[in-house]
Amino acid sequence: MNNNNQLDNNSKDKQTVLVIGGGPAGVQAALRAHELGAAVTLLEANKLGGTAFNEGPAPVRTLARAARLRTDTELYPQFGLKGETPAVDFAAAIDNANRVAAHANEVWHLTKVVEQQGIEVIDEVGPTHFIDNKTVTIGDGREFSADQIILTVGGKPRKLDIPGNELALSFHDLWSMTELPKRVTVVGGSATGCQLASILIDFGAQVDIIEFADRLTPPSDIDISRKLEEAFEARGMNILTSTGCQSIEKENGRLKVNYKHNDDDKEDSLMTDAVFLMVGWPADLDGLNLDATDIKLNGPYIDVDDYLQTNVDGVYVAGDANGISMFVQSAAHQARVAAQNAVSDTAERYDPKAIATGSFTEPEYGSVGMTQAQAEKEHDCMVQIIDYEGLPRAIMDARTDGFCKIIIGKQSQKLLGAHVLGSYSAEVIQVAATCMATGMTVHEIANLELAFPTFTEALGMAAQRICRDLRVEDKNIKE
């Protein structure tokens with residue numbers, strides 16, 4: 001990268017770009033580079049779509065939908081309805097999720113769509129290996145080199161370095177299961193682990209969560225963590241926080257999970273039928289042969305600068321492999337930035353304004369911006385929480401087990417963060433993210449004419465309360 005932010009090879013009329021990895025980031029990078037006039041080749045080990053479509057959010061959300069339909073029957077009596085809780089055909093539920101996962105290629109014909117744009121797609125070729133900084137080879141011996149390379153290889157489940165880790169499962173194994181285990185232990189209580197635990201308990205399994213941190217979803221706002229844990233425990237989930245998994249072993253046809261409490265080093269164990277390890281998502285570097293290059297790593301990820309370029313000129317990384325923001329929406333945004341920087345005359349920093357995140361748990365949760373703890377370290381803040389027990393739509397839907405929390409900077413009077421737990425959280429948080437990205441003040445948010453009755457109204461209600469508090473505070477100062 002030049003000091004004036006001009007790309008080093010901007011004098012070339014027709015650049016060649018090689019995109020390695022065909023998930024959402026890879027597809028977006030290829031499309032954007034092609035739009036900018038580059039000749040693009042996209043290499044993918046399996047089918048286009050990556051984890052997001054084939055094993056991640058798409059099928060997981062489908063499975064979560066099935067689980068939610070089952071638990072919704074608990075509300076029947078409240079609405080004057082009669083009916084039994086349906087039995088679970090777990091194999092059929094998995095088949096349906098796999099059907100949705102195949103949708104991208106079987107119905108959308110994703111590969112054809114990308115090819116029709118003028119991009120060369122070479123998929124289902126297995127891992128790609130580097131020969132040097134600008135040359136790679138695939139399994140059939142073909143070699144590819146390009147002016148610019150964009151790595152979009154994604155991540156993979158991390159295995160704990162403990163005895164018996166080979167007995168544990170990952171999310172990848174879920175899609176080949178035909179029977180619901182009677183009891184499941186999930187090691188790792190962050191977003192992915194909580195989603196799996198929630199789905200399985202809704203299908204009728206007994207579920208344990210073992211989390212090393214002192215609370216579930218440690219990166220979340222603490223109110224999200226507390227309320228989610230309360231909701232899980234109310235449904236009978238066994239939650240062990242501040243606890244480390246020590247080993248897994250077979251015993252009498254089942255699995256014995258040995259664990260230790262962090263606070264007192266007390267050791268204990270539990271018996272279970274299946275163990276899922278949900279303890280991290282490092283870059284998927286298997287087979288890349290980065291040793292043949294000068295590319296540097298940053299822990300389990302590929303190191304990049306603010307422009308998503310590695311230390312090797314002309315090699316960029318977008319998506320999970322750089323470890324910056326592990327979300328599909330972030331991967332797609334980064335891919336467009338990386339392609340822009342690889343091909344165009346002017347470099348662009350990856351500087352997201354607001355990343356909205358949502359879960360597939362029951363209850364759902366969503367967040368954008370700073371947590372309260374983060375905001376209070378840097379700002380004089382005002383915080384307001386709308387409990388769903390007073391929200392009209394929540395009362396109508398009998399879904400009052402939730403809240404909406406907003407954090408406002410007193411000086412800027414702008415939204416620093418928002419955190420929502422309850423029904424439609426992933427949708428509600430999109431509005432908060434839009435408010436944040438556009439720099440709306442709390443007064444402007446309070447004056448939004450949001451539809452009634454909706455869960456999104458809680459954002460406006462929270463903003464209106466803060467505006468009243470500001471007026472009272474201003475009046476007291478004047479007096």
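In which helix is Ala 375 found? In this predicted model, Ala 375 lies in helix 10, which spans residues 372-378.

With a relative accessible area of 0%, Ala 375 is buried, and, once its neighbours within four places in sequence are left aside, the residues in contact with Ala 375 are Met 370, Cys 381, Ile 407 and Leu 416. Leu 200, by comparison, is separated from Ala 375 by 175 residues in sequence and by 35 Å in space, taken from C-alpha to C-alpha.

A residue of helix 9 can be described in a similar way: Gln 334 has its place in that helix, and Gln 334 counts as buried because its relative accessibility is 0%, under the 20% cut-off. The table sets out the contacts of both residues.

| Residue | Relative accessible area | Contacts beyond four places in sequence |
|---|---|---|
| Ala 375 | 0% | Met 370, Cys 381, Ile 407, Leu 416 |
| Gln 334 | 0% | Leu 308, Ala 318, Gly 319, Asn 322, Ile 324, Ser 325, Tyr 350 |

Helix 9, residues 328-343, also meets helix 1, residues 24-35, and the axes of the two come within 8 Å and cross at roughly 30 degrees. Angles under 35 degrees count as roughly parallel, and helix 1 and helix 9 are therefore roughly parallel to each other, with a crossing that is right-handed. On the side of helix 1 the contact involves Pro 24, Ala 25, Gln 28, Ala 29, Arg 32 and Ala 33, which meet residues of helix 9 including Val 328, Ala 335, Arg 336 and Val 343. The residues of this contact divide into 10 nonpolar, 2 polar and 2 charged.

Key:
Residues numbered from 1 in each chain as written. Predicted model: local features only at pLDDT ≥ 70, side-chain atom pairs only at ≥ 80, totals over all residues. Heavy atoms only, no water. Axes fitted to C-alpha atoms, helices over the stretch in contact; angles between N-to-C directions. Helix = DSSP H or I, 4+ residues; strand = E, 2+ residues; numbered from the N terminus. Parallel < 35°, antiparallel > 145°, perpendicular 65-115°, else oblique. Left-handed = near helix turned anticlockwise from the far one by under 90°. Contact = heavy atoms within 4.5 Å. Nonpolar A, V, L, I, M, F, W, Y, C, P; charged D, E, K, R; others polar. Buried < 20%, exposed > 50% of the residue type's maximum accessible area, 1.4 Å probe, protein only.
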